[in-house]
Amino acid sequence: MAENAATGTTSPTRARISAVAAWESLFRAQVAVMRTLAAEFPTRDISFNEYDVLFNLSRQPDRALRLRDLNKHVLLTQPSVSRLVDRLVARGLVAKCPEPSDARGTVIRLTDNGFDMFRQVAVDHMKTITERVGGRLSPEELETLARLCEKLRDDS
């Protein structure tokens, strides 16, 4: 942001304009990348959103998350996640288990079949990500982008 040379401060108007411009740029880039990744998704065996659930579960220590915590990781509404999980359960890719410490809670666990499906798709999906994102940014820019995005996510 531009600083006032005399005081070393940034004007509130300039800060707002810069924040909105940065948000707009980030949002547009995310939409463009997501459209490409969805269009070039390597399989019809699972959807892009189903893959997202399998991906998030695969990153957990026991490949499991409470349903309410899974909702925080995916870009869908809670009712949509619940329906999607039910479809994955019906296909044997995830299992619904009672939460041991809270009878009202549900844990979603990635099955061995679900993990195998995730790994098969991930290899090809990673190629598309590497081309779409990695092919346009230098290694240093990729590191900076990752660091900045983590900084934006820190409070969530």
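**Helix H4 and the strands around it**

In this predicted model, a hairpin joins E2 to E3 through 2 residues.

User: In which sense do E2 and E3 run, and which residue in E3 is the bridge partner of Cys-97?
Analyst: The two strands joined by the hairpin are held in register by 6 bridges, and E2 and E3 run antiparallel. Within this pairing, the residue in E3 that serves as the bridge partner of Cys-97 is Val-107.

User: Which residue stands opposite Arg-109 in E3?
Analyst: Strand E3 also pairs with strand E1, which spans residues 64–66, in the antiparallel sense and over 3 bridges. In that pairing, the residue that stands opposite Arg-109 is Ala-64.

User: Why do the buried residues of H4 lie on the same side of the helix?
Analyst: Helix H4 covers residues 78–90 and reaches 18 Å from its first C-alpha to its last, close to the 18 Å expected for its 13 residues. Its buried residues, under 20% relative accessible area, are Val-81, Ser-82, Leu-84, Val-85 and Leu-88. They lie on the same side of H4 because around the axis they cover an arc of only 165°.

User: Which helices and strands do the buried residues of H4 pack against?
Analyst: The residues concerned include Val-81 and Leu-88. Their partners comprise two kinds of element, namely helix H2 (48–58) and helix H3 (67–73), together with strand E2 (94–99) and strand E3 (102–110).

User: What phi does Gly-92 take?
Analyst: Gly-92 comes just after H4, a helix that covers residues 78–90. The phi of Gly-92 is positive, at about 75°.

How values were computed
Residues are numbered from 1 along each chain as its sequence is written. This is a predicted model: local features need pLDDT of at least 70, side-chain atom pairs count only at pLDDT 80 or more; totals for chains, interfaces and linings use all residues. Side-chain values use heavy atoms; hydrogens and water are left out. Helices (H or I, at least four residues) and strands (E, at least two) are DSSP runs, numbered from the N terminus. The expected span of a helix is 1.5 Å times one less than its number of residues. Buried means under 20% relative accessible area, exposed over 50%, partly exposed in between (1.4 Å probe, protein chains only). The arc is that of the directions from the helix axis to the C-beta atoms. Contact means heavy atoms within 4.5 Å. Two strands pair if DSSP finds at least two bridges between them.
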